[in-house]
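Here are my notes on this model. Please read them with the structure open.

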Amino acid sequence: MFEISRPSTREVRRMGAFFQFLIALDRAVFRGLNSIAGSNAVTDWLVRLGADDHIFPAILALMVLSMLPLSRKHSGRVTAVRGIICTVAAVALAMAVLYGLNSLFYRPRPFSTQAVHLLFYRNTDSSFPSNAATLGYTFALGVFAYRRRLGGVMLGLATLMSVARVAAGVHYPLDIAGGFLLASGCVLAVLAAEPLYAPPADRLVSGLDRLLASWRDTWTAGKGDG
Amino acid sequence: MTHLMHMRGDLPAMFLFFVFFFLGLWQVVVAWKRLNGLSLTGRPDRRAVSYAVGAAIAAASCAWYFSGMGHFASPDLEGAETLLVMSGGLVVATLIQGALAQMAFVMRRSLGSGSSRPDRARSCGEELSVELPGASVPGTFFRRGEPRAVGGAVLLLHDYGGTRADAARLAEAFANRGYDTLTVDLDGHGLNPRGVGDPAMRELLDGALEELKTRSRNTRTDAVGAGLGGLLAIELASRGAVRSAVAIDPPARDARGHHDVDAFRECSLASVLAEAARPAARAEGGKRIGLSRLIASLPAPRFAAGQEAVVTVLGTCRTWLNNPASLAAFTREHGLSAPVQVEGTHGSLVRREDTAEAVARVLA
């Protein structure tokens, strides 16, 4: 375990100018966004709404599932099922990587190292990378790989959630960027494995097709549905 | 998993919230996708009621959960935990929706508000056999009554999962309107000993047409089919084997030949699951073959350039097994005229007198 937000003077000297600039930028953007908090009750409520652990992740998860009812024909169902499998696999992979990263290092939350306008509860896990941003962007990018318009909307929502979490004082912008990069990597890795999950996805669609056309002349069969 | 799995929130409350939320969402999806067979509000689904009830349940569950202390921007379940509880809630809500929909279906039927099963028509036709290499396929011939002036012969093809007995009512109606009518059990159906090998059943249909011409002594033959039989009738017309074809609500197909129908719009959950578990038609070797695979294996009808438009498609006005828009897209795809819309569900269409009337008008 080592801290990356409060490096010692000696370590700072060792850091390249780029990283110093990055950290300075990270904190400056954080201060800018966090200044929104506490300005008025309405924006505070909106920031809390966006930063909530359930609301945006649940909406994004529902949007992933909505790929199926939004698809009408066989080809649409193939895209939807592949998209859902890709997203679920990418989320599982991202969670596993997050677990590993959390065990490797710890970056304190902004509220534990400086005075912030905190609109959220005090999270205890590592600030970097942002779990919520990783989850949100994995959902969005997984869908974006298969459905551009829906995925685009989801990318917007994931960004709103991420900005809200910075504004609420629980993340630095760099945590969000880390989450985005981790999500991109996981989605790309799963997409590279499409030949592995495409055949089972197609079999699932065949099963779904079979269910949708499970029709018989019910008068003869005595079921009386018709 | 200490940092990903906190499990510090109110797990039962969140689970209950998701169950109710998804139950509300189910009512919205049922109305949106017109899944009449899964509807709790009637059949056909009373969409406005279903939307209102669904939105009310979802909104009430959100209001209850998020108004409680510790459920909004407070330490609670998060991330992966939320997703796991959400998945559990979705599964349980789906099971409850299925059970409630089936109960509503049984209740509607027992109270008589659902469609009642019509009496089977008493067959007055002449039983015969269509001789094919290695098999004798049973059929029924209905000799035309008055008025004799109209004339003509009709090969009538039943729907997927049916038998020629289902077509008897329609066959008698045609005979009464002056058409010699032959019905046969399609391959893989009824008493036909042959399984579905040739998906277009070309050998059987050619043999049946020969038998019809011999019996009727009439060279003017038309094909009429319901559902799957409709697709076969279109195929017969596309290769010029019949003068014209009338397809009664054939399953719509997309450009790639896959079906574009939804059984949940017309059938109850139990009957869909029962049919999926044991499809009605028999393939060669006794294996079962579902409608989905049968449709996908049917060749696309190809009409020669300049070939007279000889196919009429009858569809239902409402969204039942076929969506009227899908059926219209299907006819456009093959250069056929727009479907003629009639009242009734896919299942009841072949038993309605006005369907027989509409078909007779087309044939005349």
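**Notes on chain B**

1. Helix 1 of chain B passes helix 2 of chain B in a left-handed crossing (the near helix is turned anticlockwise from the far one by less than a right angle; clockwise would be right-handed). Helix 1 covers residues 11-32 and helix 2 residues 47-67; they pack at about 160 degrees, axes 7 Å apart. That makes the two helices of chain B roughly antiparallel (over 145 degrees; under 35 is roughly parallel, 65 to 115 roughly perpendicular, the rest oblique). Their contact has 19 nonpolar, five polar and one charged residues.

2. This is a predicted model: local features need pLDDT of at least 70 and side-chain atom pairs 80 or more, while totals for chains, interfaces and linings use all residues. Residues are numbered from 1 along each chain as written, chains are lettered from A and ligands numbered from 1 in written order, and side-chain values use heavy atoms, without hydrogens and water.

3. Chain B has an open sheet of eight strands, order 1-2-4-3-5-6-9-10, with mixed pairing (two strands pair if DSSP finds at least two bridges between them). Strand 1 (126-132) and strand 10 (340-342) of chain B each have a single partner strand, so one side of each lacks a neighbour in the sheet. The twist averages 25 degrees from one strand to the next.

4. Strand 6 (residues 244-248) and strand 9 (residues 311-316) of chain B pair in the parallel sense over four bridges. B:A247 has B:V313 of strand 9 as its bridge partner.

5. Helix 9 (residues 324-333) of chain B lies across strand 9 and strand 10, running at about 170 degrees to strand 9.

Definitions and conventions: Axes are lines fitted to C-alpha atoms, for helices over the stretch in contact, and angles run from 0 to 180 degrees between N-to-C directions. Ala, Val, Leu, Ile, Met, Phe, Trp, Tyr, Cys and Pro count as nonpolar, Asp, Glu, Lys and Arg as charged, and the others, Gly among them, as polar. Contact means heavy atoms within 4.5 Å.
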